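Dear colleague,

I am handing over the structure below, and would be glad if you could keep it open while you read. My notes on what was found in it follow.

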Amino acid sequence: MRSGSTWTCPECGRHFAKTKQWHSCEVRGIDDHFRGKGAETRSLFDTLVRRLKETGPLRIDAVRTSINLISRHHFGGVRVRAGYLRVGFLATERILSPRIVHTEVIGTNCIGHTVLIRTTADIDRELLGWLSRARALRS
């Protein structure tokens with residue numbers, strides 16, 4: 001078991017902070033998400049991962065529909081599109097920014113937010129701050 005995890009799924013081998021946490025066992029390789037999406041899109045992802053690793057521990061968990069960003073808990077997800085990344089994360093309050101393209105109320109103090117990353121300039125201090133705060137939440 002990895003540091004910070006309390007349970008390993010016997011079916012897929014993925015690690016979770018919560019015992020018997022609901023999940024999909026449809027594990028995929030990271031490269032599968034980038035097939036036909038262009039080298040530039042993969043470069044954006046690699047830059048995001050590198051910058052996130054500079055701010056704290058990071059584990060990548062690729063499944064059928066997304067690439068999960070995990071520290072102690074799952075704190076964000078990446079969906080790969082042709083030419084850009086959709087990055088989702090949680091916050092305790094609604095973030096008012098033109099960069100947020102989608103929000104969803106998930107609970108009384110939990111709001112999901114989505115931003116698009118089209119260039120490396122989008123991987124800035126503001127985005128990394130949002131992701132750092134999401135990492136600190138206990139999801």
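**Helix α2**

At 1.5 Å a residue, the 17 residues of α2 should span 24 Å, and this agrees with its end C-alpha atoms, which are 25 Å apart; the expected span here is 1.5 Å times one less than the number of residues. Helices (H or I, at least four residues) and strands (E, at least two) are DSSP runs, numbered from the N terminus. Please bear in mind that this is a predicted model, in which local features need pLDDT of at least 70 and side-chain atom pairs count only at pLDDT 80 or more, whereas totals for chains, interfaces and linings use all residues. Residues are numbered from 1 along each chain as its sequence is written, and side-chain values use heavy atoms, with hydrogens and water left out.

The buried residues of α2 are Thr-41, Leu-44, Phe-45, Thr-47, Leu-48, Val-49 and Leu-52, where buried means under 20% relative accessible area, exposed over 50% and partly exposed in between (1.4 Å probe, protein chains only). Phe-45, for example, has a relative accessible area of 2% and is therefore buried. Leaving aside its neighbours within four places in sequence, Phe-45 is in contact (heavy atoms within 4.5 Å) with Ile-30, Phe-34, Ile-60, Ile-67, Val-78 and Leu-85. Phe-45 and Tyr-84 are 39 residues apart in sequence, and their C-alpha atoms lie 9.0 Å apart in space. Thr-47, also found in α2, is buried as well, because its relative accessible area is 14%; outside its neighbours within four places in sequence, Thr-47 touches Thr-120 and Ile-123. After α2 comes Gly-56, which has a positive phi, near 160 degrees.

**The sheet**

The strands β3-β4-β5-β6-β8-β7, in that order, make an open sheet of 6 strands with antiparallel pairing, two strands being counted as paired if DSSP finds at least two bridges between them. Because β3 (59-62) and β7 stand at the edges with a single partner strand each, one side of each is left without a neighbour in the sheet. On average, neighbouring strands of this sheet are turned by 25 degrees against each other, direction ignored. Strands of a sheet pair through backbone hydrogen bonds, either parallel or antiparallel.

Going through individual pairs, β4 (residues 67-70) pairs with β5 in the antiparallel sense over 4 bridges, and Ile-67 has Val-78 as its bridge partner in β5; these two residues are also among the contacts of Phe-45. β6 and β8 run antiparallel and are joined by 7 bridges, with Gly-88 opposite Thr-114 in β8. β7 and β8 pair in the antiparallel sense over 6 bridges, with Glu-104 opposite Gly-112 in β8, and they form a hairpin that has 2 residues between the strands. β8 is mostly covered, since 7 of its 8 residues are buried.

**How the helices lie on the sheet**

α2 lies across β3, β4, β5, β6 and β8, and runs at about 30 degrees to β6; for such angles, axes are lines fitted to C-alpha atoms (for helices over the stretch in contact), and the values run from 0 to 180 degrees between N-to-C directions. α3 packs on the sheet as well, touching β5, β6, β7 and β8, and its direction makes about 45 degrees with that of β6. The 12 residues of α3 (residues 125-136) should span 16 Å at 1.5 Å a residue, and its end C-alpha atoms are 16 Å apart, which agrees. In α3 the buried residues are Leu-127, Leu-128, Gly-129, Trp-130, Leu-131, Ala-134 and Arg-135, and they pack against α2 (39-55) in addition to β5 (74-81), β6 (84-91), β7 (100-107) and β8 (110-117).

**The whole chain, and a caution**

The protein chain has 3 helices and 8 strands, which follow the pattern β-β-α-α-β-β-β-β-β-β-α along the sequence. Of its 139 residues, 42% count as buried, and residues 24 or more positions apart account for 46% of the contacts with a separation of 6 or more.

The mean pLDDT (the predictor's confidence in each residue, from 0 to 100) is 86 for the protein chain, and 82% of the residues reach 70 or more. Over residues 1-5, however, pLDDT stays under 50, and the model has 11 contacts beyond four places in sequence for them. Where pLDDT is low, the predicted coordinates should not be read in detail.

With best regards
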